[in-house]
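Trainee: I have a new model open on my screen and would like to learn how to read it. Could you walk me through a few features?

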Amino acid sequence: MLLQMKNVSKNIGVAEILRGVCFIMEEKEKAALVGVNGAGKTSVFRLITGQWQADEGSVIRANGTRLGYLPQLAESEAQTEAAPNADHTLYDVLDAVFAPLYKIEAELRALERQMASNQGEIAFPQIIKTYDKLTQRFISEGGFESASRVRGVLRGLGFPEERWAQPFGQLSGGEKTRAMLGRLLLERADLLLLDEPTNHLDIESVAWLEEYLRAFPGAVLLISHDRYFMDRIVTKTIEIENKTAYVYNGDYTTFVKQKAVNREIAEKHFREQQKVIKHHEEVIKTIRGFSTEAAIIRAKSREKMQAKIERAEKPADLPDTMRLRLTPSIKSGNDVLSVEGLAMGFDGKALFKDISFELKKGDKTAIIGPNGIGKTTLLKILVGELVPDSGRIREGVNVKLGYYDQARQQLDETKTLFQELSDTYPKLTNTDIRTRLSAFMFRGDDVFKPITALSGGERGRVAMAKITLAGANFLVLDEPTNHLDIYSKEILEDALRDFSGTLLYISHDRYFINHTATRILELTANGLTEYIGNYDDYLAEKQKHLQAEIKTDDPLPSGSADESDRNRQNQWKTQKAQQSAERKKQARINRLEEDIAKTEEAIARCDVKLADDAIARDAAASEAVYGERTELEEKLDELYEAWDATNSEGS
C-alpha cells in the first residue's frame with residue numbers, strides 16, 4: 001500500500017468540502033478521480049500532498065513514498081516559488097531533474113583524473129572502491145540514459161527540437177504546464193498525482209502520454225475529463241459525489257455502466273422498502289383503531305418489528321446538469337459548404353495550402369491535427385473572421401451558421417449573462433431568457449453575473465446557450481468540450497447526435513469524436529486527409545495504410561514464386577479490407593443500439609410522466625409530454641430501420 005485516505009473530512013469555514021472519504025492506492029496501480037466540477041477532486045490532491053490538513057480522519061503514506069504532483073495551470077502559475085528560472089532553456093528545465101546524477105558524474109571524472117595522475121598511491125584501493133560504488137549508482141539511476149530520456153519526453157509532448165533552446169519564461173501558460181509535466185515524468189516518483197494532464201496536449205501527444213503512463217513503474221492517480229484517456233490507462237475509478245468517495249474497479253466506461261446498475265438497484269430497493277414500511281404503518285394505524293387491549297398489543301408488536309428494519313438510504317439526487325436541445329429554425333439544402341484550394345499563411349510563412357473538401361447536409365465532421373497546424377485558423381476562415389490568401393468557399397442554400405469559438409471572444413466582457421442574451425435576441429421575453437439560462441445551470445441571481453466574473457466552463461455554457469437560441473442548421477465548434485465536466489460532455493454528445501443539421505468541429509477529445517463524428521478530416525503539414533467513420537475507424541484506417549506502406553517498401557521477389565506471393569498479398573489485403581468493413585459496420589450497429597436504448601428509456605420516462613396525476617390534470621403539460629413521446633416514437637422507428645438496414649449490409 002502506497003497511500004490510504006481513511007474517513008477523511010474537510011471543511012472550509014462553514015462549508016463542508018469532503019465527508020468520510022476512503023480509498024487505497026497500491027503500488028503500480030493506475031486510478032482516476034472523477035466527479036463534476038467543484039465536487040472536491042483537487043481538494044483530495046491538496047490533502048494528499050499536505051497543502052491542506054484533514055479536519056477528521058487521516059491521510060496515510062507508506063514510509064519513503066515519493067510524490068510527484070502536477071497541478072492545473074492556474075494553480076501551478078500561482079506557485080511561483082516552485083517555478084523554474086525564466087532564463088533557463090526549455091531543455092535545461094527538464095534536464096535539471098538529473099542534477100544529482102551529473103554531480104556523481106563530476107565526482108567520477110575527478111576520481112579518474114586523480115587515478116591518472118598517480119596521486120595518493122597509498123589511498124589508491126579506497127579510490128577504486130569509491131569509484132566502483134559511484135559508477136554502479138550512476139548506472140542504476142539511469143545516468144547514461146538521461147539525455148535520451150529528456151529528448152524523448154520533449155518530442156513526445158510535442159516540443160520540436162528548434163524550441164528546446166527557448167527560455168522557459170517565453171513559453172505560454174499551456175507550454176509551461178506541458179514542460180512541468182515533462183519534468184515530472186522524468187522524476188522517479190512512486191506516486192504521480194496528475195490534475196488534468198491532457199490539457200494543452202494535442203491528440204498525438206496524449207497518445208504518447210498514454211503509452212508512457214501505462215509503462216510507468218510507479219502508481220498514478222489522475223484527475224481528467226478525457227474519458228478515452230482514462231479507458232486506456234486506469235484499472236480503478238474513484239468517484240467523488242455528494243462530498244464522499246465511491247470506488248469502482250475498472251476503467252471509466254466500466255464505472256459508468258456499474259454506477260447506472262448500482263443506482264437502479266438502490267432506487268428499486270428504496271422504493272420497495274418504502275412500500276413495505278407504508279403498508280406496515282397503515283396496518284398499525286388500522287389495528288390501533290380497534291381500541292382493544294389485544295389490538296394495542298399487536299400494534300406495539302408490529303411497531304417493534306418495524307423499528308428493527310434497517311432503513312435503506314434514499315439515493316442522493318444526481319448533480320445538476322445542463323439540458324441541451326439543438327433545433328434548426330430552417331432546413332438547409334443538401335450542399336452545405338464547398339471549399340476549394342484554400343491557402344493561408346502569416347508573416348510570409350505558409351500555414352496550409354490546397355485545402356479542399358465538401359460538407360453535405362447531416363454530415364458530422366471532426367477536424368483533428370497537431371497543435372499549431374492551423375485548425376482554428378481554418379475555422380475562422382470558414383466563418384468569415386479571416387480572409388484566406390487564396391481559394392474559394394461556397395455556402396449552400398438556406399445555410400444558417402452558428403459558431404462557437406474556444407476563446408469565447410464573441411461574449412461581451414462589459415455585460416451580464418442576462419444582457420448578453422437579451423441584447424443578442426431582443427425579441428425574447430425576460431422569462432424566456434431566464435428559462436434558457438436555467439437550462440444551462442444559471443439560476444436566480446446568477447443571471448446577473450458579469451461575464452468577466454465567469455470561469456472558463458461557465459463562459460462555455462453561456463456561449464452554448466446563445467447557440468441553442470440561434471436556430472442554426474450548420475454548427476461550427478472550436479473545442480466545444482473544453483472546461484466542461486464529464487456529465488456536461490455527455491449531454492452535449494447526445495444533443496449533437498440528435499442534431500438534424502450539419503456539424504463541423506475541432507476537438508482533441510477522442511471519446512467525444514468517437515460518439516459524435518461520422519467523418520474525420522486530418523490536417524497535417526502535407527494537407528488534408530479524409531476518413532469515413534469515428535475515431536476508432538480513423539485509427540483502423542491509419543493502421544491499414546501503415547501496413548500497406550510496409551508492404552510497398554518490401555518488394556516481392558522475382559521468379560517462379562512471384563505470382564504465388566502476389567496472390568497471398570492480395571488475399572491478405574482482401575481479408576484486412578473485410579475486417580475493416582466489419583469493424584465499421586459493428587461500430588455503426590453499436591452506436592445505433594446505444595441510441596435505441598436511450599430513446600426507449602426516454603419513452604419510458606414520458607409514460608411515467610403521463611401516469612402522474614398532477615400532469616394528467618394539466619392539459620398543457622399532458623400535451624407537451626405526449627408530443628415529446630410522439631417525436632421519440634418516430635425517432636425510434638427511424639433508428640430501428642437504420643439498425644435493420646445496417647445489419648443487412650453484405651448479407
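**Reading the model, feature by feature**

Mentor: Gladly, and let us begin with a loop residue: at 36% relative accessibility, asparagine 242 counts as partly exposed. Keep in mind that this is a predicted model.

Trainee: Where does asparagine 242 lie?

Mentor: Asparagine 242 sits in the loop that joins β8 (236-241) to β9 (244-249). Its backbone deserves a look too, since asparagine 242 is not a glycine and yet has a positive phi of about 50°. Lysine 243 lies in that loop between β8 and β9 as well. For lysine 243, phi is near 75°, again a positive value in a residue other than glycine. Its relative accessible area is 33%, so lysine 243 is partly exposed.

Trainee: Now a helix, please. Which residues of α8 are buried?

Mentor: First, the general idea: an α-helix has 3.6 residues a turn, so residues three or four places apart point the same way. In this model, α8 covers residues 203-215, 13 residues in total. From first C-alpha to last, α8 reaches 19 Å, close to the 18 Å expected at 1.5 Å a residue. The buried residues of α8 are Ile203, Ser205, Val206, Leu209, Glu210 and Leu213. Viewed down the axis of α8, these buried residues fall within an arc of 155°, so they line one face of the helix.

Trainee: And which exposed residues does the face turned away from the buried side of α8 carry?

Mentor: That face carries Glu204 and Ala215.

Trainee: How many cavities of 30 Å³ or more does the structure hold?

Mentor: Rolling a probe the size of a water molecule over the atoms shows where empty space is left. Here there are two cavities of 30 Å³ or more. The second largest cavity has a volume of about 40 Å³. Its lining consists of Leu326, Thr327, Ile467, Thr468, Gly471, Ala472 and Leu475. By class, the lining of the second largest cavity has four nonpolar residues, three polar ones and no charged ones.

Trainee: What about cysteines: how many disulfides does the structure hold?

Mentor: A disulfide is a covalent bond between the sulfur atoms of two cysteines. The structure holds zero disulfides. As for exposure, cysteine 22 is partly exposed, with a relative accessible area of 32%. Cysteine 606, at 1% relative accessibility, counts as buried.

Trainee: One last residue: which strand holds arginine 61?

Mentor: Arginine 61 belongs to strand β4, residues 56-61. It is partly exposed at 36% relative accessibility. Arginine 61 and glutamine 4 are 57 residues apart in sequence, and their C-alpha atoms are 6.5 Å apart in space.

Terms used
Residues numbered from 1 in each chain as written. Predicted model: local features only at pLDDT ≥ 70, side-chain atom pairs only at ≥ 80, totals over all residues. Heavy atoms only, no water. Helix = DSSP H or I, 4+ residues; strand = E, 2+ residues; numbered from the N terminus. Expected span 1.5 Å × (residues − 1). Buried < 20%, exposed > 50% of the residue type's maximum accessible area, 1.4 Å probe, protein only. Arc of directions from axis to C-beta. 1 Å grid on protein atoms, 1.4 Å probe; cavity = no way out; pocket = protein on both sides within 12 Å on 5 of 7 lines; lining within 4 Å. Points joined across faces, edges and corners; volume = space filled by probe spheres on them. Nonpolar A, V, L, I, M, F, W, Y, C, P; charged D, E, K, R; others polar. Disulfide = S-S within 2.5 Å.
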